[in-house]
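Got the viewer open? Let's walk through the model one selection at a time.

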Amino acid sequence: MENYKLFDAEYKFVSIVWEKEPVNSTELVRLSLERLGWKKSTTYTVLRKLCERGILDNTDTVVTSRIKKEEAQKYESQSLIEKNFEGSLPQFLTAFLDRKKLTAKEAEELKRIIEEAMQ
Amino acid sequence: MNSLMTVFSTVVGMSMTASYVALGVILIRQLLKRAPKIFSYLLWLAVFFRLVCPGSFTSVFSFLNVIKPAMQPDALPEVLVMAGLGNINDAINGTVNSSVGSTLPLVAAMDVSPLSMMMLLGSMVWMAGVMVLLIWNIFSYFKIAGKIKTATLLDASLPDIYETDQISTPFVFGFRRPRIYLPAGISPRELPYVLAHETVHIKRRDYLIKPAAFLVLIIHWFNPLMWFCFALMVKDMEMSCDETVIRNKGQEIKEDYSNSLLALAVQKNSFWQATPLAFGANNIKERIKNVIHYRKPGVWIGTAAVVMIVALMIGFVANPVNDTAAGQETYAGYAVDKLLANKTPYVGNASKVIALIDAMPLPKGVVRDKVELQTSTAPYGLTIQYRINDDSAISAENGMIGDVFGRNAILLFSLVDNVEVINIKFTDSAGKYEGYSTTYLRSRIEQIMQRDVRVYAESADLLKELLTRLEYVYFSLGNEGNTAVNKAKQIELCLEKIMSSPLPSSNPYDYIKAHQAEYNIILAMDEQALPYLFSEFAKGGQTGLKGSVMEILCRKILGSEDIKYASTNHQDWYDAYKAHTQRLTDKNGLDWMQAHYPKGVLILRGEQN
């Protein structure tokens, strides 16, 4: 689970893979340059690191993801609560709801996320 | 090692000059508190210039005149220069030696004075400091570069704006192609202000100016005032940048802008981010106050400020007029007060002796180089080396090159009590005077000047009298050898010159008037001129112009020893005078003559020669 921790930049990179997979690594370099402003070497360095951590897979220059987008998001939200609200969901909700009013749709979405996180 | 010490002493000199300028800038900066900060920011350029350039143009309108009159810009105290230039022996214990008459054996054995040891040590510590700071900064540079390597484009359609969760404050990074780096998750409310601020930095090339300033700071790391200046300059840079944003976007954004400054300030800066290679926000409280109080200046105020800043810059950057006696009264080209102020009993007093040497005028194109003091054993001596950069300025007209140096040497004999020998050596880039050297001995000078020259240093009036006399003293460069022959040559040259013009006139006084300097040279020789003049008369037939001028000279020199005589035949005067002295001698004897007619009696000697 610890390996799923993604930095901001890594998350953006993996997002490209999720969107385009299976994707050729040359194509991935092009997309990274276009969307992230990365040099070829940076793309390959990050790709290698993510492969080592078991998040991506690069076989015969074809890159695929080994974890699903939802899994990563679940980890992110959980660690967010851990970090900023001492693991307390009510505290998180109070802080969250103080700031904005929720639409019905957003409330529904939030409920789903919380349920998933509580499992 | 020597070159390192030279570099170090230059750096220390620049640092000292820059410190005066910096104090001035800090003062004016306080006065400009209400004015747009761009003016304070520009003023730092003067300090920067002083820290980088060892020299400058000169102008009467230089603040260094005001701050420290008669100061030599970029010059170290003489003691340091001495050590720096490798004047090892005796600079420090010279005073002790000459008064006690003993040498410190340890120092002599080491052959290096404690002062130059300190100087060497100082320059090594300085170099080490520069190295450490440089390496540390290169290291932090690469550390930041590593951190922002995976920064991603904020928006795929905007080039050169990146965001990353590895940093906590926005900055500009890169030399050739500067990019804006933002911490991930800047709120959309703050984003436009942050971008506007960083864009101004890029437009103004601040991302280059700050590292350049820091590099200079590294070179001057030993000067705490410069660290303070750097901090102030960065503050002015940020504030004027804020002001530009407000000016571009309108007064109404002030509140929002201040709020975003505050929002970004909440994150703490870690130490490495303070490196000047990247831009971080700092001094938030002052910056917010500055933004709130900022008013766009009126055209007139702006123009007035620009004019004032330009004037201030010239004042700070210009050197005072390069006169060693700036602001001091001079007499015959010499700053009498300064000379008397540095009068010293001991040649070992290095700083005073050097001050004396440097207070004396030199021909254009000649600069003082090394000075060595010989103070361990009598006769105490002084060796001054001069470098000739432009020998056209001192072309040896009639061999007169030694003139100014001889005059200066006599002044040194007058002002430095125990110096017996003064050596002057030349190095010449053009090669004409390469290796040329001359030696002046106190005994010889006293012979020429007819008295102990030290008495002239008693008062300003006496020193002025000496300077007047020196105007007319003639020196030849090199070993003087047979001085009588030299004297004869000199008089011959001078007479020739006197007789050269104005040809239509028959009045000898017209010729003398036209060549007053040459006439005075002969007069200054006083009785020493007589043997030659008498011997010329002794040849006989001196009835022309030469005889006329010689008679005038002889009679002037003889003064009260002369006889009453009137004739147009000058040879006749000589013969009559000779007969007169002969008579007196026969009657009273030679000893009586020596006592009563010391000059007149020479006429008989001249015959004997």
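Buried area here is the accessible area, with a 1.4 Å probe, that two parts lose on being put together, summed over both. Keep in mind throughout that this is a predicted model.

**Stop 1: the interface.** Show chain A and chain B together. By that definition, about 930 Å² is buried between chain A and chain B, and carbon and sulfur atoms give 48% of this. Now pick A:Asp8, A:Lys12 and A:Thr42: in chain A these lose the most area to chain B, together 36% of what that side buries. If you'd rather select by contact, you should get 14 residues of chain A and 11 residues of chain B.

**Stop 2: the salt bridge.** Stay on A:Lys12 and add B:Glu163. Their side chains meet in a salt bridge, 2.5 Å from N to O. The rule finds 1 salt bridge across this interface, along with 7 residue pairs in polar contact, both residues at pLDDT 80 or more.

**Stop 3: the helices behind it.** Colour α1 (8–20), α2 (25–36) and α3 (40–52) of chain A; each supplies at least two residues of the side that touches chain B. Colour that side by class and you'll see 6 nonpolar, 4 polar and 4 charged residues.

**Stop 4: the sheet in chain B.** Hide chain A. Which order do the strands of the open sheet take? The 4 strands run β1-β2-β4-β3, with mixed pairing. At the edges, pairing on one side only, are β1 (152–153) and β3 (171–173). Now zoom in on β2 (residues 161–164) and β4 (residues 179–183) of chain B, which pair in the parallel sense over 4 bridges. Finish on B:Ile161, which stands opposite B:Ile180 in β4 of chain B.

How values were computed. Residues are numbered from 1 along each chain as its sequence is written. Chains are lettered from A and ligands numbered from 1 in the order in which they are written. This is a predicted model: local features need pLDDT of at least 70, side-chain atom pairs count only at pLDDT 80 or more; totals for chains, interfaces and linings use all residues. Side-chain values use heavy atoms; hydrogens and water are left out. Contact means heavy atoms within 4.5 Å. A salt bridge is a side-chain nitrogen of Lys or Arg within 4 Å of a carboxyl oxygen of Asp or Glu. A polar contact is a pair of N or O atoms within 3.5 Å; within protein, one must be able to donate a hydrogen and the other to accept it, and residues adjacent in sequence count only if both atoms are side-chain atoms. Ala, Val, Leu, Ile, Met, Phe, Trp, Tyr, Cys and Pro count as nonpolar, Asp, Glu, Lys and Arg as charged, and the others, Gly among them, as polar. Two strands pair if DSSP finds at least two bridges between them.
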